[in-house]
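Work through the exercises below with the sequence and the model open. Each task is followed by a solution in steps.

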Amino acid sequence: MSVEVLAIEEANSSDIDWSVDASDADAPVYLGEPEETENWPDLPDEVNGHRGQPGDEFVGNRPKILFNPVDGRPAYPLLRPNIGQRPPLTPNGHTGSPFLGENAMAAKKSAVDPYAGSEDGLCPQNSPLRTFNMTTIQLPIRVSAQGTDPTGKIFVLNHDKADVLAGRKPAQPLAIRANIGDCVAITLVTELEQDGPAAHMPQSNLHIHHVQFDPQGSDGASAGMVYDQSIRPYKIVDPRMTAAADTGDSVLELESVSKFQVGVFIGVGLGTEQMEIRKITAIDADAKTVTLDTPLVHAHASGQWAGTEFVQERWYPDVDLDNVFWHDHVDGIHGWGKGMVGQLIVEPKGSTYHDPKTGAQVDSGTYVDTHTSNPLAPGLVTGSFRELALWTIGDNPVTDSTLNLRAEPGLWAPILDEMPDGYVVTVIDGPVDGERNEIPFTYSQLILPFHQWHSYHGTHIVGDFETW
Ligand SMILES: [Cu+2]
């Protein structure tokens, strides 16, 4: 592989260096990337002098790609660590389900489509799809009377990003919801900022638990033997559009096309709710344009970003899991306490979610009314309910422990300002040992999906909870 291709792969993370041994024309053998030859701890050296995996067979320094004879899928691990290089992002539009396929019994999309008609795709064929376009952002977050975290970090939905950055909506961890049996489709980009030109470039990803997902695309792993599932800030490493693109257009004019190759996938309008994923079918280096495989559905203004720094994830919550914690997995030690956490709250089938003040339907939020005729907990919570998502979060640099990044009741006002009086939730052992924080919660059907996590202090909720 040439230096130029290596540089492209590192920057672009777009391809695998596979090849074909066609010395027997009747029986071509497909070969994976050349095995790493440097001597590094934890890299095995056990297959005929190669750093291979048990069962590997080599042609030169490349392992044969092995396939499951029953379903045709590549055997794990298809990908191997290449020291100092970034693994490729997933194929097929950076799909969150590269191994299983996105849906069972999918229709054939091209002449060769290994996912078509497969019974074990991640989501059932007709499961309702809920799409969430997310960005990790960085902003000052007031966490206590003692101060503000100047570099708070949270996940936001793209359609709320401008309001959160402008202070019109509170900066808080992100709770999203899906009903049992829904299919959750996520896109993620990052706008985290580099501390300085010599600092590490920030990256983000997203790691969920409990739900069904394909570990090769939706685990948030970046461990060398799977696809890269983390992304760099698109505003640093991807180009901007130099002309507007209208609905129906299929050519983009860009600041630079040097990082792209024909056949890779590009996100158009990165960080916006209208982001669209397309395959590049042609590149004109002189005109700095790329041609897309299918026309755009949305209009995109000049100045928007278009590039490869996005991932998709796909989750299938098939049973009543209540609230499921998820988090960034690139720099958890430093990031979680600052807000790089979220929840997927799994609701009964047929539920709709509403803003408690306006009744308008919403797709996210800490404080939400769930309208449903199916029981959340049979005999206990049998109808609609109001719900407040809670995270106990340790390791905030300003004040250590917080509840939803807030370490005193007054800072909850923007979230709870419309709650009628009646109930009190008391949080004991708050930010300072022995301190007692009272947060005035009220509502007769308040459900508290509560994530107790890595907090150095015990947190207890006291309240007179009634049910219908
Ligand atoms: Cu975890």
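**Exercise 1. Find the bridge partner of His207 in β16, then place both strands in their sheet.**

Solution. Note at the start that this is a predicted model.
Step 1. His207 is bridged to His327 in β16.
Step 2. β16 covers residues 323-327, and its pairing with β9 is antiparallel, over two bridges.
Step 3. Four strands make up the open sheet, ordered β7-β17-β16-β9, with mixed pairing.
Step 4. The edges are held by β7 (174-179) and β9 (207-208); each has a single partner strand, so one side of each lacks a neighbour in the sheet.

**Exercise 2. Trace the bridge partners of Asp369 in β19 and in β20.**

Solution.
Step 1. Across from Asp369 of β19 stands His354.
Step 2. The strands β18 and β19 are antiparallel and share three bridges.
Step 3. In β20, Asp369 has Arg386 as its bridge partner.
Step 4. β20 spans residues 385-388 and is joined to β19 by four bridges, again in the antiparallel sense.
Step 5. In general, the strands of a sheet pair through backbone hydrogen bonds, in parallel or antiparallel fashion.

**Exercise 3. Is β19 largely enclosed or not enclosed by the rest of the structure? Is Ala360 buried or exposed?**

Solution.
Step 1. A residue counts as buried with 20 or more other C-beta atoms within 10 Å of its own, and as exposed with 12 or fewer.
Step 2. In β19, four of the five residues are buried, so the strand is largely enclosed by the rest of the structure.
Step 3. Ala360 is located in the loop that runs between β18 (352-354) and β19 (367-371).
Step 4. Ala360 has 8 other C-beta atoms within 10 Å and is therefore exposed.
Step 5. Leaving aside residues up to four places away in sequence, Ala360 touches His354 and Asp355.

**Exercise 4. Describe the protein chain as a whole, and state where the pLDDT is below 50.**

Solution.
Step 1. The chain contains seven helices and 27 strands.
Step 2. Of its 468 residues, 40% are buried.
Step 3. Among contacts with a separation of 6 or more, 64% are between residues 24 or more positions apart.
Step 4. The mean pLDDT is 84, and 84% of the residues reach 70 or more.
Step 5. The pLDDT is below 50 over residues 1-9, a stretch with seven contacts in the model beyond near neighbours in sequence.
Step 6. Residues 420-446 also have pLDDT below 50; beyond near neighbours in sequence, this stretch has 65 contacts in the model.

Notes. Residues numbered from 1 in each chain as written. Predicted model: local features only at pLDDT ≥ 70, side-chain atom pairs only at ≥ 80, totals over all residues. Contact = placed C-beta atoms within 7 Å. Pairing = 2+ DSSP bridges. pLDDT = per-residue confidence, 0-100.
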